[in-house]
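Dear colleague,

I am handing over the structure below, and my notes on what was found in it follow directly after. Please read them with the model open beside you.

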Amino acid sequence: MLAEFLISYVFIRSGYGCSDHYYESDTLLHSFQVLAKLLESPATRDIICDVGMPVLHRNVRYNCRVIFLNKKILLIRPKISLANAGNYRELRWFTPWNKARHVEEYFLPRIIQEVTGQETVPFGDAVLATKDTCLGAEICEELWAPNSPHIEMGLDGVEIFTNSSGSHHVLRKAHSRVDLVNSATAKNGGIYILANQKGCDGDRLYYDGCAMISMNGETVAQGSQFSLDDVEVLVATLDLEDVRSYRAEISSRNLAASKVNPYPRVKVNFALSCSDDVAVPTCMPIQWRHHSPEEEISLGPACWLWDYLRRSNQAGFLLPLSGGIDSSATACIVYSMCHQVCLAVKNGNADVLADARKIVSDETYVPEDPREFCRRIFTTCYMASENSSQDTCNRAKLLAEQIGSYHISLNIDAAVKAIVGIFSMVTGRTPRFSVYGGSSRENLALQNVQARIRMVVAYLFAQLTLWTRGVPGGLLVLGSANVDESLRGYLTKYDCSSADINPIGGISKTDLKNFIQYCIENFQLTALRSIMSAPPTAELEPLVDGQVAQTDEADMGMTYAELSIYGKLRKISKAGPYSMFCKLINMWKEICTPREVASKVKHFFRMYSINRHKMTTLTPSYHAENYSPDDNRFDLRPFLYNTTWSWQFRCIDEQVNQFIVNASPTCFYNNSFSEPSSELTHKYVFAPTQQQ
């Protein structure tokens, strides 16, 4: 008995991005209006359709799947497990359905009654029983829950599971989603159909598709993860008897099934299989093809930028290109976007072609060459000062030539001197850089003036550059601060990191370096070689003998590698100062003494807390890391701290002193005391006991 499964995922505009619009009755009304259109559409005939939308039942709002066939609603299935962590706040808008295996009557609104002829339909936790099989629905988060509904449904004889999901992209996450789906059918047998939203939902998240069909623990169909196509269809022909024979030999599964409480079944006079399907070939298992992190960076943010650009009605992007790794990586992502657009047009995507023509204001234009398209929609700007080196200027210019962007080089010294001149005229004092005898406060203020002027200049050129070229429209300003710098606060408030959007704001420096190497190899951007080899620098302090003396890691007092570790421990491992210290004394036991670890942890938390206020104005960034410090909704913490962390740091000091007291003749090793090895002994030379 063969059944053909078609993923045709229609995502009504009631995705997570609606946020507090869920409180508005308009959202409910318009969802039902769209549902009525789908019910009436001939495209949905003879297909069991599963559509997501909010539904108000007895004055309680639920996140639901509305399942219908041939103008009849079969079941409204409310979500049981709500996503309420990280980027998601479903409990703010919805209530979970807590009545297991319970069904109630739902009175349809008149707009739907007129189409279906139904007054009421089943609402609750039920499954569908067709002529040849049994289907059950999961909703997004329920797949990730420890007590996923597919477990009990599978034991009760459900053979096909559907999951319409809104799962966002995070670097290295796709395998987790695939493993969950395959494991759902490996232990219990069955067919699992996962459809996931694609594109930017008007927020910081990018939903990365990856639709798939799995049977008995193996993938049989895979959709694309990154694509400019609004609609993607997966089709698989599978044998239901393979599910039944697979389950028949799992004794533990059958014992559990004999004791399960049955689900209410909604009978459907419809079959997914045909009686004459003996000669129809079935789909065989395939090997899932995962993207590397570098490919994910190249494709995910690029698709997000395209969605943002086409929906914002702007004519392109402007990027302050400094010649460093971060801004160069941002430029490469835009160049990758241009590649994706040209490829989509070549493959016949009429929607992408129409969007490209609208963006460049040319109804006859066809994007074929990524460099040529890049020049039309991408402007890069190198903003030099007296503290800039010729090396970075040359690197920025060469990269712009290789990707094809419209490049501008200018000097901001006149503006900087004018601003400082106003201050001197009013106060009678002239600030100096520290190399000329100025204080650290003067030194920082002079750096900030340069950085903030660059933001003002960037927005001026974004608004008027196309006007000077006789082209209509304005440009979106791109930021290029990475996730590690944001975490540390190593950026000037309202400088070039303040932009409209930032495609790398959720990506670590380490991953960006790897991405740059990927671009060298795959896009043949040889200009990136010198950018890779140069030490990261802000170039805001005076040159020494014509050479850059300022470096980012020296300014921060920590390396980018350390910053990534701090970020993961702080957010993912939920570690405060003391817990982080306890974890790092083991992680770094080969390279640091406990006192050195304590010093590093204290320095990080001082800098983090001093600069946390900057997160309130952080440019909206593509979410790609689970340790993002984004203050909007992902990392909800105060922005005003007691930066001395007196209690926490005292606990760390007491623990360090305890190590010192007990360190001779043994040393601390792996959460226990053991005899020191010859290679470790020299690293544990402690000063006399004292309270730091």
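Cys210 is a buried residue, with a relative accessible area of 3%, and its place is in the loop between strand 12 (206-208) and strand 13 (212-215). Please keep in mind throughout that this is a predicted model. The backbone at Cys210 deserves a look, since its phi is near 65°, a positive value in a residue other than glycine.

A positive phi also occurs at Gln524, where the angle is about 55° although the residue is not a glycine. Gln524 is found in the loop between helix 17 (509-522) and helix 18 (528-533), and with a relative accessible area of 53% Gln524 is exposed, whereas Cys210 is buried.

Turning to charged pairs, the count comes to 27 salt bridges, and three of them are set out here with their surroundings.

In one of these, Asp20 pairs with Arg92, and the closest N and O atoms are 2.8 Å apart. Because Asp20 lies in the loop between strand 1 (2-7) and helix 1 (25-40) while Arg92 belongs to helix 2 (residues 90-93), this salt bridge ties together parts that are 72 residues apart in sequence. Asp20 counts as partly exposed at 33% relative accessibility, and Arg92 is likewise partly exposed, with a relative accessible area of 49%.

Another salt bridge joins Arg101 to Glu152, with the closest N and O atoms 2.8 Å apart. Here Arg101 sits in the loop between helix 2 and strand 5 (103-107) and Glu152 in helix 5 (residues 149-155), so the pair connects parts that are 51 residues apart in sequence. Arg101 is partly exposed at 21% relative accessibility, and Glu152 is partly exposed with a relative accessible area of 32%.

The third pair is that of Asp208 and Arg177, whose closest N and O atoms are 3.0 Å apart. Since Asp208 lies in strand 12 and Arg177 in helix 6 (residues 174-188), this salt bridge ties together parts that are 31 residues apart in sequence. Both partners are buried, Asp208 at 1% relative accessibility and Arg177 with a relative accessible area of 3%. Strand 12 is also one of the two strands that flank the loop of Cys210, which brings these notes back to where they began.

Finally, there is a network of salt bridges that links Arg570, Lys571, Arg612, Asp635 and Arg637.

With kind regards

Notes:
Residues are numbered from 1 along each chain as its sequence is written. This is a predicted model: local features need pLDDT of at least 70, side-chain atom pairs count only at pLDDT 80 or more; totals for chains, interfaces and linings use all residues. Side-chain values use heavy atoms; hydrogens and water are left out. Helices (H or I, at least four residues) and strands (E, at least two) are DSSP runs, numbered from the N terminus. Buried means under 20% relative accessible area, exposed over 50%, partly exposed in between (1.4 Å probe, protein chains only). A salt bridge is a side-chain nitrogen of Lys or Arg within 4 Å of a carboxyl oxygen of Asp or Glu.
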